[in-house]
Amino acid sequence: MENANQIVKTMGADVWDGDPELIADHDLLHRVQAFTNREARLLDTGRVREWLDEMIHPDICYVIISRQLRYIEERRYSLPDSVFIYDDDHGALDARVEQQLHPQNWRVNPHEAYVRIGTNLEVTKGSAKDRLFVRTNWHLRRMRRQYEIDDFIYSRHDELVITPDQGFKFVKRFIAFPERCVQGRNMTLFL
């Protein structure tokens, strides 16, 4: 398995380490914003099969990592500072969708409610002329019953492929999850 730094480079998330030239085409930015808003709506309303079938490219690479923040002068540890929470392809996402839709899944009875807030949208040119890199920050609140409330705050680095009909599909997703340990009850959801 590749380490997280190699994943970042292959997924284009490292483009945001510098100060990339942002796209100023307001029509394109509006279309990308509408696309990410639609994704949030589909996921928030439990339409995960529609999300996977319509918005996710078959070659998807969906990675969530958590990094241990160490002192700069720390020398005791030679192990990588990153842990993979998810490293999924389309087949793994499909299995997770099926699990989430299964009526015997304990997480669906009673249903959960989700609210996603996406902000700080930045778009730059991708690795090819039909690709775009998109960076956003997200706050996801998951609620179930009176006392089951989880908050997830994270940065998302997506690579979109522009489809022949001038739409988009997610082909790569890299999420740097800032918590070393997930504070919520679990992470059986899509970020």
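**Fold, helix α3 packing and the largest pocket**

Buried residues account for 41% of the 191 residues in the chain. The model is a predicted one. Its secondary structure consists of four helices and six strands, and from the N terminus the elements follow the order α-α-α-β-β-α-β-β-β-β. Of the contacts between residues at least 6 apart in sequence, 63% join residues at least 24 apart.

Helix α3 spans residues 48–55, and its buried residues are Val 48, Trp 51, Leu 52 and Met 55. Viewed down the axis of α3, these buried residues fall within an arc of 110°, so they line one face of the helix. In an α-helix there are 3.6 residues a turn, so residues three or four places apart point the same way. The buried residues of α3 pack against two helices, α2 (26–44) and α4 (90–101), and against two strands, β1 (56–67) and β6 (168–177).

Cys 61 is located in strand β1. With a relative accessible area of 23%, Cys 61 is partly exposed, because the limit for a buried residue is under 20%. Apart from neighbours within four places in sequence, Cys 61 contacts Met 11, Asp 88, Val 171, Lys 172 and Arg 173. The C-alpha atoms of Cys 61 and Phe 170 are 9.0 Å apart, although 109 residues separate the two along the chain.

A second position examined was Thr 124, which belongs to strand β3 (residues 113–125). Thr 124 has a relative accessible area of 5% and is therefore buried. A polar atom of the Thr 124 side chain lies 2.6 Å from the backbone oxygen of Glu 21. Glu 21 is also one of the residues in contact with Thr 124 when neighbours within four places in sequence are left aside; the others are Val 15, Trp 16, Pro 20, Ile 23, Leu 132 and Phe 133.

The largest pocket has a volume of about 340 Å³. Its lining comprises 18 residues, and those nearest the centre of the pocket are Gln 100, Asn 105, Val 108, Tyr 114 and Thr 188. Helix α4 supplies the largest share of this lining, with four residues; α4 is also among the elements against which the buried residues of α3 pack. By class, seven of the lining residues are nonpolar, seven are polar and four are charged.

Terms used:
Residues are numbered from 1 along each chain as its sequence is written. This is a predicted model: local features need pLDDT of at least 70, side-chain atom pairs count only at pLDDT 80 or more; totals for chains, interfaces and linings use all residues. Side-chain values use heavy atoms; hydrogens and water are left out. Buried means under 20% relative accessible area, exposed over 50%, partly exposed in between (1.4 Å probe, protein chains only). The arc is that of the directions from the helix axis to the C-beta atoms. Contact means heavy atoms within 4.5 Å. On a 1 Å grid over the protein atoms alone, a cavity is a set of points where a 1.4 Å probe fits but cannot get out, and a pocket is an open set with protein on both sides within 12 Å along at least five of seven lines; lining residues have an atom within 4 Å of a point. Grid points are joined across faces, edges and corners, and a volume is the space filled by probe spheres set on the points. Ala, Val, Leu, Ile, Met, Phe, Trp, Tyr, Cys and Pro count as nonpolar, Asp, Glu, Lys and Arg as charged, and the others, Gly among them, as polar. A polar contact is a pair of N or O atoms within 3.5 Å; within protein, one must be able to donate a hydrogen and the other to accept it, and residues adjacent in sequence count only if both atoms are side-chain atoms.
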